Amino acid sequence: MHRKFKVYLSESFDPKFNLSVEEWLMNCSEPDEVLLFLWQNKNTVVIGRNQNPYKECDIKRLKENDVHLIRRLSGGGAVYHDLGNLNFTFIASDKNYNVENNMKVITDAIARYGIYGYFNGRNDLLVQERKFSGNAFISDNGRNCHHGTILVDVELEKMSGYLTVSPLKLESKGIDSVLSRVINLKEISPQLTTESLKTSLIESFNEFYKTEAQRIILNENTTDVSKYIEKYDSWEWNYSESPDFSIVLENKFDWGIFEIHLELSDGKIKDCRIFTDSMELEAFKYLETALINKQLKSNNITDVIHKSIKNENIKQGLCLFLNDKINM
């Protein structure tokens, strides 16, 4: 089979666009094509297909700092992207897909800078026993996608802060991330930049496959992936696709102690129990029932509180408290 080699370069830093392009390429690539897609996201936390965003990151901090949260198609753990990170995607049919070849393209590219990385046999590329690249994989309908991050000059403090969960009492059946010791490649080779690494990756790809791959520039004006963007921009995909989980929230108000237990499935409240020493018992019993089957969004919760609780002091206190904790 005569193979065709293509390199796609995204000019967009929007995660919705880039993940949409990736899925579009998977669906539309030909069996004889081997694709390399290089892309960057601005200030984004990307969670794995089976992860719970409430458990993986500090949602409140993400909102406050205008950081995107988005779910990808592949499994694995949560990662933070900024413009000091370069993302790569290899797409090929079963016959042309080889993870070891992909890894060699990457390690050969960084070796040009005197950086000698290696695959740890699981999901990471390491240098000096520290992780600089996390990888994940998708196979569907005879097509394969291998994608990952390359830490060049990422703000590691922000990464750590965003991927640290706020201290809620939360139990989840999903897949947890493991924060490993990480390293920026710029720490080893100061002259390395994301732009120079793009060039090196393309050269390494061409040398490995003894080709001169066609280069295709992508942006929102050249490529219509709106039907995919609709999914990646939706609350349903990013939040309600979470595994079943439970949240316990409690606070002491001037009117009494309030504790709420929420059981969630597909992003909706399936069971609710409220415990309080407040005198307004009937209102809280009504609130328990009224929250069932509501999506875990702060505006939904506050709407129900306004309809269920008549006491203004209690109403305001609960709205402020639950808005602060749920941040949706």
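A salt bridge here is a side-chain nitrogen of Lys or Arg within 4 Å of a carboxyl oxygen of Asp or Glu. By that rule, a search of the whole structure finds 16 salt bridges. The model is predicted: local features need pLDDT of at least 70, side-chain atom pairs count only at pLDDT 80 or more, and totals for chains, interfaces and linings use all residues. Residues are numbered from 1 along each chain as its sequence is written, and side-chain values use heavy atoms, with hydrogens and water left out.

Start with one of those salt bridges. Glu33 and Lys6 join through their side chains, at 2.7 Å from N to O. This pair ties together distant parts of the chain, for Glu33 sits in strand 2 and Lys6 in strand 1, 27 residues apart. Side chains of opposite charge can pair when their charged atoms come close. Strands (E, at least two residues) and helices (H or I, at least four) are DSSP runs, numbered from the N terminus.

Strands 1 and 2 belong to an open sheet of eight strands. Its order is 7-8-9-10-6-2-1-12, and the pairing is mixed. Two strands count as paired if DSSP finds at least two bridges between them. Strand 7 (118-119) and strand 12 (214-218) are the edges; each has a single partner strand, so one side of each lacks a neighbour in the sheet. Strands of a sheet pair through backbone hydrogen bonds, either parallel or antiparallel. Strand 1 (residues 4-10) runs parallel to strand 12, with five bridges between them. Lys6, already met in the salt bridge, stands opposite Gln214 in strand 12.

Helix 1 (residues 15-28) packs on this sheet. It touches strands including strand 1, strand 2 (33-39), strand 6 (85-93) and strand 12. Contact means heavy atoms within 4.5 Å. The direction of helix 1 makes about 180° with that of strand 2. Axes are lines fitted to C-alpha atoms, for helices over the stretch in contact, and angles run from 0 to 180 degrees between N-to-C directions.

Helix 1 also lies across strand 3 and strand 4, at about 20° to strand 4. These strands lead to another sheet. Three strands form this open sheet in the order 4-3-5, again with mixed pairing. Strand 4 (68-71) and strand 5 (79-81) are its edge strands, each pairing on one side only. Neighbouring strands are turned by 25° against each other on average, direction ignored. Strand 3 (residues 44-47) and strand 5 run antiparallel and are joined by three bridges. Val46 has Val79 in strand 5 as its bridge partner.

Now the helix pairs. Two packed helices are described by the angle between their axes and the distance between the axes. Helix 4 (residues 99-111) and helix 6 (residues 194-209) pack at about 130°, with axes 8 Å apart. That makes the two oblique, the class left over once angles under 35 degrees count as roughly parallel, over 145 as roughly antiparallel and 65 to 115 as roughly perpendicular. Their crossing is right-handed, meaning that the near helix is turned clockwise from the far one by less than a right angle. Residues that meet include Val105 and Ile106 in helix 4, and Leu201 and Phe205 in helix 6. By class, this contact has nine nonpolar, four polar and two charged residues. Ala, Val, Leu, Ile, Met, Phe, Trp, Tyr, Cys and Pro count as nonpolar, Asp, Glu, Lys and Arg as charged, and the others, Gly among them, as polar.

Helix 10 (residues 298-308) has contacts with helix 9 and with helix 11. The axes of helix 10 and helix 11 (residues 312-326) come within 9 Å and cross at roughly 165°. That makes helix 10 roughly antiparallel to helix 11. The crossing is right-handed. The axes of helix 9 (residues 281-290) and helix 10 also come within 9 Å, crossing at roughly 145°. Ile305 of helix 10 takes part in the contact with helix 11 and in the contact with helix 9.
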